[in-house]
Amino acid sequence: MRHLTILAALAVQQTLAEYYFDNMDRIHLKMNKDNKFKVLQLTDLHLGEVDKAHYDKETIGLIKNLLKKEKPDFVAITGDLVSGQAWDRESPDFWLQHYKTLALEFTFHKIPYGIVPGYHDFEADANQTMM
């Protein structure tokens, strides 16, 4: 139920927008003829909490369903992709491991996305450049 509440922080507008990458691999987003664009916002996912891997699987499942149903033009992840305080300070690639799980879904659905790291992301083993 916790993740349902988290995922309820959803910003959506109806659209038929497109996007493209330039020669420097930067994304350019295009509005449709009605000047609309659909954004799916995900926040405070807190992946990687100790002894709660089943929550991560449920969260990813809910995100898959949202991507299929809403067909957003862009996904904005606004903070706390991981629970950095749960990182044991020894296991390598804590942040990257959880990021890749999520990024695979966006890649599979061919949806561009962006991340604004939150406080708990910086408690993990990734720095600003890596994120």
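Me: Which helices each supply at least two residues of the lining of the largest pocket?
Reply: In this predicted model, α2 (53–70) and α3 each supply at least two (helices being DSSP runs of H or I with at least four residues, numbered from the N terminus). Residues are numbered from 1 along each chain as its sequence is written, local features need pLDDT of at least 70, side-chain atom pairs count only at pLDDT 80 or more, totals for chains, interfaces and linings use all residues, and side-chain values use heavy atoms, without hydrogens and water.

Me: And where does the largest share of that lining come from?
Reply: The largest share comes from α3, with three residues.

Me: How much space lies in the pocket?
Reply: About 170 Å³ lies in the largest pocket, an open set of points on a 1 Å grid where a 1.4 Å probe fits, with protein on both sides within 12 Å along at least five of seven lines. Of its 13 lining residues (those with an atom within 4 Å of a point), the closest to the centre are Gly48, Glu49, Phe94, Gln97 and His98.

Me: At what angle do α2 and α3 pack?
Reply: They pack at about 20°, with their axes, lines fitted to C-alpha atoms, 10 Å apart. That makes α2 roughly parallel to α3, because angles under 35 degrees count that way.

Me: Switching to Phe108, is that residue buried or exposed?
Reply: Phe108, found in helix α3 (residues 94–108), counts as exposed because its relative accessibility is 64%, and exposed means over 50% with a 1.4 Å probe.

Me: And how far is Phe108 from Lys64?
Reply: Phe108 and Lys64 are 44 residues apart in sequence, and their C-alpha atoms are 10.0 Å apart in space.

Definitions and conventions: Buried < 20%, exposed > 50% of the residue type's maximum accessible area, 1.4 Å probe, protein only. Points joined across faces, edges and corners; volume = space filled by probe spheres on them. Axes fitted to C-alpha atoms, helices over the stretch in contact; angles between N-to-C directions. Parallel < 35°, antiparallel > 145°, perpendicular 65-115°, else oblique.
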